[in-house]
Amino acid sequence: MDILSTMKKKDFNNKEKNLFSGIPPSYWLFIFSVILYVNTLSNGYNFDDTFVVQNNPTIRKGIEAIPEIFTSRYWTEKDNTFGYRPVVRASFAMEMSLWGENPTMSHLVNILLYALGVFVAYKVIRKIFFQIPEWIIFSGFLLFISHPLHTEVVASLKNREDLLVLILGFLCILIFLKFSETRKSPWLFLGLIVFFITCLTKENGIVFMAIIPAALFFSVPDNKISKEFFKKNQTLLISAFLLLVIGIIALNLPNWILPAEQKELFYFENPLHFIHIKSMHYATGFFSLLYYLKMLILPYPLLFYYGYNMIEMHTFTSLWVWLSIIIFVFMVVFTIKYFYKNSLFAFSIILYFVNIFIYSNIYLPVNGIVAERYVFIASLGFILAILSLFYQFKILPITNLSRVKKTKSGLIIPVIIITVVFSILTLKRNAQWKDYKTLMSSDIEFLNNSAKAQTSYATVLFNELKDTLAKGYKANSADVETILRHYKRSVEIYPKMYNSMNNIGLIYLSMYKNIPEAMSWFKKALENNQDYTEASYNLAYSYLQVKDTNSALTYFNQVLRYDSTHTASLSDMANIYYAKKDSIKALGLNYKLMKTDTLTDLPYINLGNYALLGHDTVTAVKWWEKAILKNPDNPKLCYGLGMYFTQHGDLQKGNYYLKLSKKLR
């Protein structure tokens, strides 16, 4: 008989009636979830939020984009497409229609979704394991809510998908429990629909295909797997079969209705994408599982990204791998042994295993190798499993109320202490997710071996420096050296980090005016990625600076082979040909540029310059006025036009352009 089923539900009602002051515990948990994350309301957009929400052209269309969202990939950039997560994208589109680009409101939605997910999950666990004292499960949810690992899911708007999977997945369990109780088909159909939506929210929703049957099994006390069980529980078999069918449909639907994914994979995100030795996948997978255990038990330091080479590739010669194997084999054996004796532990371990396995790298490599968001739902299973063991081995059998009180104090006091410590860490971590620079600056000292983290941090600092220079301020040499150091560190970690090489070249070119050094870095970038148009352009531009126009044209043409509409290359090539007295090619390239990029002012500026060089100032001014119509944010050109019209007696136009130039400076 299940040890956890030896007490009747009514016995605990009397013992627990004063624990929550008459307010349902689920309400307390909801409130605690909101309070703990309320300081994220002041946060802006952060890591990965930009491409999913902030600068996503589809999302910016608002609710009108929903048909497009359900018929397109999760992310599309040129030829790079991947994923299918229309539900979460639709939520962002609706937000855009309601209040526009407003990170505060988006963070509020995430907080409420987190609280709602906790609320629903708690209701489900209590419904299944009603025999368990309420304070045991309540304690587990306190630890779950306050666990610092969850900041990434709540504070990162991009990870709303995981919050929705938590809500929808447990709501699905609730619906199937209702079907099991009533045996009415409408509940079955509703459950299948919700499960289908869960899978469309994020691919990991498929794990509820295993969790739901487990919940149905453990919802009936004293269940035993036998012929009699299957005869009496046909609803479980029907549910399991239909969930399998719907799961297969949901996972394959994107490939049936959309073009195939064309996702570019990077070694620095996960070397296992390129390593085809299965034993290394398995060994690294077991190490990943061990690392997740460490994260759950000791959530410090928390990092915005891991990847290569924060997590090294492992073989079965690693002692850490064998330690992980021993731990997880022990967990499996223990689960089998106590499958009927401790149903909460068995269910919690299933919840943990199925959620963590898909991110273990054993089945498929995952970007980042490990991540805090990957352990989100799994952490609930882990925490409940630990508490169920404490309950089983420390207080059973309970025969009187005094022993219950003694055990409560023995468990609740450490739970409160851990919850307080976790909460403090969570509040601190929430603040670190304020913006890109704050987050990366907080973590970078612990990420000395992460190639992507190093280059990401350097890029944030580099972009900030560019903004500073654009405002007319001088660059701080110490800041430039810091940027260089992090870019170079990323190359040390991963010698094929071509984007870092390109940016190192840009720094030498623009900050130090060291053209030979810059060119050597651009060439290194191209050696590692010959179709990297940015490096090709920068190398061409560098040749232009040293008056080697033939080499410049070679690399400009290389850019156009991969991107025939590259604006800067077309403009620079036109100017080279004009300088070479080939006016026909120069004019042709400028007119081509007008057609391929209707927003740029470059061809109009170029044609104005050509006219001026030909001593046709009137024509030059006409072209420059057209340039201002395309891009009025050009103070130098506005000032020149203002002076021209003033000197020629057109004071109205002269004053207009002069005022505009002052406004822009």
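Good morning. A residue is called buried when its relative accessible area is under 20%. I begin with that cut-off because it decides how we describe two of the residues in this predicted model.

Let us take Ser 139. Is Ser 139 buried or exposed? Its relative accessibility is 3%, and therefore Ser 139 counts as buried. This serine belongs to helix H8, which covers residues 134-146. Which residues does Ser 139 contact, once neighbours within four places in sequence are set aside? They are Leu 387, Ile 412 and Val 415.

I turn next to Phe 141, which is also found in helix H8. Its relative accessibility is 0%, so Phe 141 counts as buried. Leaving out residues up to four places away in sequence, Phe 141 touches Leu 29, Val 118, Ala 121, Tyr 122, Ile 125 and Leu 380. One of these partners, Tyr 122, deserves a further word. Phe 141 and Tyr 122 are separated by 19 residues in sequence, and their C-alpha atoms lie 7.3 Å apart in space.

Finally, I come to the surface. Ile 31 is located in helix H2, residues 25-37. With a relative accessible area of 42%, Ile 31 is partly exposed, because that class lies between the buried limit of 20% and the exposed limit of 50%. Where does Ile 31 appear on the surface? Ile 31 helps to make a nonpolar surface patch of about 480 Å², together with Ile 23, Tyr 27, Trp 28 and Ile 35.

To conclude, Ser 139 is buried, Phe 141 is buried, and Ile 31 is partly exposed. Thank you for your attention.

Note on methods. Residues are numbered from 1 along each chain as its sequence is written. This is a predicted model: local features need pLDDT of at least 70, side-chain atom pairs count only at pLDDT 80 or more; totals for chains, interfaces and linings use all residues. Side-chain values use heavy atoms; hydrogens and water are left out. Helices (H or I, at least four residues) and strands (E, at least two) are DSSP runs, numbered from the N terminus. Buried means under 20% relative accessible area, exposed over 50%, partly exposed in between (1.4 Å probe, protein chains only). Contact means heavy atoms within 4.5 Å. Patches are made of residues with over 30% relative accessible area and no salt bridge: like charges are joined within 9 Å, nonpolar side chains (Val, Leu, Ile, Met, Phe, Trp, Tyr) within 5 Å. Accessible areas come from the Shrake-Rupley method with a 1.4 Å probe; for residues, only the protein chains shown count as cover. A salt bridge is a side-chain nitrogen of Lys or Arg within 4 Å of a carboxyl oxygen of Asp or Glu.
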